[in-house]
Amino acid sequence: MDRRKYLELFLNESREHLEGAGKQIEILISGGTGKNATLKEFYRNLHSLKGMCAAMEFRGLTELLHAMEELLEWGRAGNSSRLLKTVGTLETGLEEVGALLGLVENGDPDPSSRTGVLKNLRSRKKSRKIDHESRRPRNSGGPSEKPEVSFPSSIRVQMESLDRLLESTAEVVIHRLRLQRSLPPASGGPPGNHQENLRQSIDRLRAEVMEIRLVPFGSIAGRLRDAALDLAKRREKRIEMEILGTEISIDRSTLERLLDPLFHLIRNCVDHGIEPRQERLRAGKKSVGRLLLLVTRIGSELRVELRDDGRGIDPALLKDRAVEGGWLTPQAADRLGKEEILRLVTLPGVSTHREPDEVSGRGVGMDVVATRIRALGGTLDIDSWPGRGTAFRMQFPLTLAILDSLLVQGKSGTYVFPLHQIESIQEVPVGELERGRNRCLRWKGAPNVDLYSLDEILGVGENPHRKGTCPVLFLRTDGSRRGLLVGSILGRRDLVLRPLGSPLETMREFSGAAILDDGGIALLLNARTLLPETPGPH
Amino acid sequence: MTKNVLIVDDTRFIRTMLRDLLQSSGRYRIAAEATNGREAVDQYKSVAPDLVLMDIVMPEMDGIQATVEILREDPSATIVMCSAMGQEALVVEAIHAGAKDFILKPFTEERILTVLRKVLIPQAASPKGSSN
């Protein structure tokens, strides 16, 4: 809807209401007769103005008029001296409304009040726990005061309040689901409509709550770069660091929990990846080492990739260290593929560096990094090119709190799958399944897709279906398609997720737990870590 | 099947915006406009619209009183409240009085059309049907 074409009409009519309100204020200040009727008319004028400003999407004006309306209500509820003071403040408010309308007339798309009027209006409203960005509102301050304080159109809210808001929203989601289950199936009519309205409203509420928790990745970019440059300086290395995707927004608590692992990876790159200047020159590289932090959004997931152009990880050395540490036998080590070898660096105590150092430690840390990423429901992949550099790729959900999920039934319980990881679901005839190697099953309907049975992967049995068809979830994980046979599909749910906590958080297959609407608990399966890494031989 | 709408709001600006929006959708015709609750009740009797978009705070008679009176005349009237924030309690009161749904300002085209479509569905199936 193009609102600009209504501007002239809006301005003309808003001036009428403003004039009307101005006259009523004069009557109220002079103590004229018919106070109640005048107050009522004054309120109507304010309210009409507010509705019009809201319709034009002038947020600053709407906010100001809303505060005036609230103050008026407060004033009306008190004694006459309170009302008189209120009226004085409202007069100042009206002047401000007039000034802002002037700005609208001059082409300002959404002017907001920059004097202390709004603040002064709000200072009457006690017991608010929200800090205004400029300064806390004062509880005193006469109506005629016009403090020269600028105030912005945004407010600062304690993170704890947002956490509580999210928790309450999550509870509302659960209560709604439980209510829905306890009611007979809705079939049109008012109860069904109410349920549907409630669901839609809660969905909107949830989306809003998620939205206000988002902060741009850029808010931590400065700290990460400073940490990298500072450490490089101490190591007498020269580096430059580029950070791309700073505008991408992430749930604040996810970002907070990501900070430590990121610091650690950056230190690792600077300490062990980037070579000293002479070594770089000898290798024909630029003397200044390069770090690239790339943040991208893939659907409802966030990918953070940190690359350096350093010496890379020596796979042979890494294998030796893992064998020395008793993590695997030399024979087992020889059977590992490149990705698996690189992942050895996340085992406790395994590192290609002999000398411990104060910052990165020795091997201690990469395992912690991997655990932290898993606790965020994410994965860590490492790629390395000896002599040319290393890339650490992390991928996890943008938000952890409430997940659009699919509930499936396995032999050992009910499990949750993030819906965004599921590409499609098909009923596959059991008779058409053929056994491949490494627990892998093959189906002629999707010959290039490796299928696995959930029960078998979890070690609780084989494919539970002996005849007929069985449901298969086709999963989308890092470019490859794989399928998972499940006992049955229970349906789609919005689920509130909780972290697993120690010691379960170290289990790669699960990345959280959810409380179901019947009060039961289901574990969240992580498609990327649940299934074997390399496709089974065809 | 075009539906006839009665728009009730004390501001010319909001009435114009709503009129343009509804007409441009091609599904609605503006049967009449009213600037307060009293006029709304009178207009309802004379044009018998399929739907009323009703503001709450208005001079003479407010939107809730008008809703009550219209429903007393015609219990099958379809009335949708159109309100600015801060009127939530009044909206609930209006719904109790028999209003079918509500729209909050700033309204988006999508929200208005969705709500109107929704409230008109049961009516389309009822014997009363549309007047056009």
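Being three residues apart in helix H11 (residues 315-324) of chain A, A:Arg321 and A:Glu324 are separated by about one helical turn. In this predicted model, the two residues form a salt bridge, and their closest N and O atoms lie 3.7 Å apart. The partners differ in how much of each is open to the surroundings: A:Arg321 counts as buried, with a relative accessibility of 13%, whereas A:Glu324 is exposed, its relative accessible area being 53%. In general terms, side chains of opposite charge can pair when their charged atoms come close.

This pair belongs to a wider set. Over all chains, a search of the whole structure finds 30 salt bridges. One of them joins A:Lys285 to A:Glu275, with 2.6 Å between the closest N and O atoms. Here the link runs between distant parts of the chain, since A:Lys285 sits in the loop between helix H10 (277-282) and strand S6 (289-298) of chain A, while A:Glu275 sits in the loop between helix H9 (252-273) and H10 of chain A, the two being 10 residues apart. Both A:Lys285 and A:Glu275 are buried.

A further salt bridge in chain A pairs A:Asp383 with A:Arg393, whose closest N and O atoms are 3.6 Å apart. This pair, too, links distant parts of the chain: A:Asp383 belongs to strand S8 (residues 379-385) of chain A and A:Arg393 to strand S9 (residues 389-397) of chain A, 10 residues apart. With a relative accessible area of 21%, A:Asp383 counts as partly exposed because buried residues must fall under 20%. Returning to A:Lys285 and A:Glu275, salt bridges that share partners join these two residues with A:Arg280 and A:Asp309 into one network.

Attention now turns to chain B. Chain B contains five helices and five strands, and along its sequence these follow the pattern β-α-β-α-β-α-β-α-β-α. Of the 132 residues in chain B, 52% are buried. Among the contacts in chain B with a separation of 6 or more, 63% are between residues 24 or more positions apart. The exposed area of chain B is about 5,500 Å², and carbon and sulfur atoms supply 53% of it.

The two chains also meet each other. In total, 25 residues of chain A are in contact with 22 residues of chain B. Together, chain A and chain B bury about 2,100 Å² between them, with 63% of that area on carbon and sulfur atoms. Across this interface the rule finds one salt bridge: A:Glu16 pairs with B:Arg12, the closest N and O atoms being 3.5 Å apart. Six residue pairs, with both residues at pLDDT 80 or more, are in polar contact between chain A and chain B.

On the side of chain A that touches chain B, the elements giving two or more residues are helix H1 (7-29), helix H2 (35-55), helix H3 (59-76) and helix H7 (189-212) of chain A. The most comes from H2(A), which gives nine residues to this side. By residue type, the side of chain A that touches chain B divides into nine nonpolar, seven polar and nine charged residues.

Conventions. Residues numbered from 1 in each chain as written. Chains lettered and ligands numbered in written order. Predicted model: local features only at pLDDT ≥ 70, side-chain atom pairs only at ≥ 80, totals over all residues. Heavy atoms only, no water. Helix = DSSP H or I, 4+ residues; strand = E, 2+ residues; numbered from the N terminus. Buried < 20%, exposed > 50% of the residue type's maximum accessible area, 1.4 Å probe, protein only. Contact = heavy atoms within 4.5 Å. Areas by Shrake-Rupley, 256 points an atom, 1.4 Å probe, with all protein chains shown as cover. Buried area = accessible area lost by both parts, 1.4 Å probe. Salt bridge = Lys/Arg side-chain N within 4 Å of Asp/Glu carboxyl O. Polar contact = N/O pair within 3.5 Å; in protein donor to acceptor, adjacent residues only side chain to side chain. Nonpolar A, V, L, I, M, F, W, Y, C, P; charged D, E, K, R; others polar.
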